[in-house]
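Me: I am new to this structure and would like to know how its labels are justified. Please set each value against its cut-off.

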Amino acid sequence: MPDFDTLQPEEQRKILLELVLEYCPGAVWEGDMLHYTGQALRVGLEFGQVSSRQNRFSAQLLFILKHDWFDEDLVESCAGLGNSIEEAMKICTAEFCGSVLNSVLYALEHPGTETVSAEIIHQKYLFHVPERKIRLHKGKGEGADLWSIVRDKIPEYLGTKRVYWIKLYSADMGGNKQFCEARINGTLYPDLTDLLYQEIYSRKERQTNIDKLFLVLIQDEKTYQPCPFTKQNVGDLAFLALNKMTEITDEVSRQKAYEEIHKFCPDYSIAVELIAFLPEIAAQLVVNFRDNDGLIPVFDYGKPEFELKKSQVRSYGYMADAAEQYLRKYNPSRDEVYNLLRSSGKFETIFRAMQDDAVKAQNLRLSQLVYFVSQDYHVW
């Protein structure tokens with residue numbers, strides 16, 4: 001048999017997905033993907049970076065999960081280290097199956113009797129929480145129950161989507177070597193992550209421990225409502241809006257750009273969100289500051305009544321992906337980027353702080369994003 005490292009990517013993909021079948025049986029081949037027909041889940045694989053140093057190889061694999069209930073693909077990046085490319089990639093595959101794929105398959109088949117309830121502007125949504133049978137722990141003792149740390153806060157991050165996947169990771173290597181992440185549908189949420197850090201620092205005994213939990217929450221059919229737009233719809237509108245915003249040079253051009261955005265948007269709520277979110281998303285991408293998880297819609301310029309999280313407003317994530325693609329694809333000039341950032345209140349705050357040399361941008365703790373809407377505003 002030819003050496004794995006010399007095989008074509010299609011052949012390597014087939015070998016690795018065959019390994020997925022060994023770890024998680026029950027799928028059939030469908031083109032170059034695996035199809036778990038009982039759960040209506042499709043699993044694919046793409047290759048990330050591969051590097052070597054002193055006869056040790058590191059590999060990154062991107063596993064792609066598709067399901068009709070997912071509003072966008074679930075993409076899980078796994079890294080592995082081995083004595084060959086084959087060994088590194090097989091370690092990635094084993095990690096993916098053990099922590100993510102098994103959890104997704106289990107949740108789709110056993111949604112769970114435990115529930116949590118979310119609320120968005122007086123509308124409630126009920127989610128099923130599967131049993132936490134699958135969790136990874138390395139170190140002494142039983143490890144931390146990561147779900148219990150964030151459970152009371154999670155409802156604040158759930159919105160109208162049918163499915164939310166939550167990834168919690170906590171690593172305490174002693175001394176000043178700690179690393180935590182709380183991600184929802186692939187996006188890192190700093191305020192939620194802070195809860196995991198607080199748990200580490202509150203321990204009486206500091207020992208080397210690594211904990212990881214991947215949990216899939218499914219909205220109950222009784223509260224679920226299909227969304228009238230797709231990620232692609234919002235992405236296309238975001239590209240058009242970004243083109244208009246790079247032309248803003250003063251207040252007159254700003255108002256003109258906003259009027260045109262409202263004209264080409266078929267939905268008032270999306271137009272308002274494009275105008276409010278895109279400059280702030282662009283600022284975060286350009287400056288890379290620590291942002292806040294919160295959004296505050298203010299109705300008819302009155303007093304703030306509600307606070308939302310970005311994960312509760314599905315267009316925010318769609319726009320964030322579109323803005324990143326826009327900056328990478330079109331590579332706008334420095335002047336165009338500055339024009340785009342003219343409408344960002346957070347960029348102005350950061351710029352002033354940096355001018356005063358008060359604090360590094362990465363260390364600033366910014367407040368929630370406030371944006372103004374009418375009574376016609378609806379959150380999806």
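Me: What is the bridge partner of H35 in strand 3?

Reply: In this predicted model, H35 is bridged to R42 of strand 3.

Me: What makes strand 2 and strand 3 count as a pair?

Reply: Two strands pair if DSSP finds at least two bridges between them. Strand 2 and strand 3 have three bridges and run in the antiparallel sense, so they meet the definition of a pair.

Me: How many residues lie between strand 2 and strand 3 in their hairpin?

Reply: Four residues lie between them, and A40 is in the turn. That places A40 in the loop between strand 2 (33–36) and strand 3 (41–53). A40 has a positive phi of about 55°, although it is not a glycine.

Me: Why is A40 called partly exposed?

Reply: Buried means under 20% relative accessible area and exposed means over 50%, with partly exposed in between. A40 has a relative accessibility of 33%, so A40 counts as partly exposed.

Me: How do you know that strand 3 and strand 4 pair?

Reply: The requirement is at least two bridges. Strand 3 and strand 4 (residues 56–66) are joined by ten bridges and run antiparallel, so the requirement is met. Within this pairing, S52 stands opposite F57 in strand 4. The two strands form a hairpin with two residues between them, and Q54 in the turn has a positive phi of about 50°.

Me: What is the strand order of the open sheet of three strands?

Reply: The order is 14-13-15, and the pairing is mixed.

Me: What makes strand 14 and strand 15 edge strands?

Reply: Strand 14 (308–309) and strand 15 each pair on one side only. Strand 13 (residues 294–299) is joined to strand 14 by two bridges, and these strands run antiparallel. The cut-off is at least two bridges, so strand 13 and strand 14 count as a pair. L295 stands opposite L308 in strand 14.

Me: Which helix packs on this sheet?

Reply: Helix 7 (residues 268–287) does, touching strand 13 and strand 15. The direction of helix 7 makes about 150° with that of strand 15.

Me: Is I275 of helix 7 buried or exposed?

Reply: I275 is buried, because its relative accessible area is 15% and buried means under 20%. Leaving aside residues up to four places away in sequence, I275 touches M245, Y258, I261 and H262. I275 and H262 are 13 residues apart along the chain, and their C-alpha atoms are separated by 9.1 Å.

Me: Why does D300 count as partly exposed?

Reply: The relative accessibility of D300 is 46%. Partly exposed lies between under 20% and over 50%, so D300 falls into that class. D300 is found in the loop between strand 13 and strand 14. D300 is not a glycine, yet has a positive phi of about 50°.

Me: Which residues form the nonpolar patch on the surface?

Reply: The patch consists of Y301, V370 and F372, with about 350 Å² of accessible area together.

Me: What makes F372 eligible for a patch by its relative accessibility?

Reply: Patch residues need over 30% relative accessible area. F372 has 42% relative accessibility, so F372 passes that cut-off. At that value F372 also counts as partly exposed. F372 belongs to strand 15 (residues 369–373), one of the edge strands.

Note on methods
Residues numbered from 1 in each chain as written. Predicted model: local features only at pLDDT ≥ 70, side-chain atom pairs only at ≥ 80, totals over all residues. Heavy atoms only, no water. Patch = residues over 30% accessible without salt bridge, like charges linked within 9 Å, V, L, I, M, F, W, Y side chains within 5 Å. Areas by Shrake-Rupley, 256 points an atom, 1.4 Å probe, with all protein chains shown as cover. Salt bridge = Lys/Arg side-chain N within 4 Å of Asp/Glu carboxyl O. Buried < 20%, exposed > 50% of the residue type's maximum accessible area, 1.4 Å probe, protein only. Contact = heavy atoms within 4.5 Å. Axes fitted to C-alpha atoms, helices over the stretch in contact; angles between N-to-C directions.
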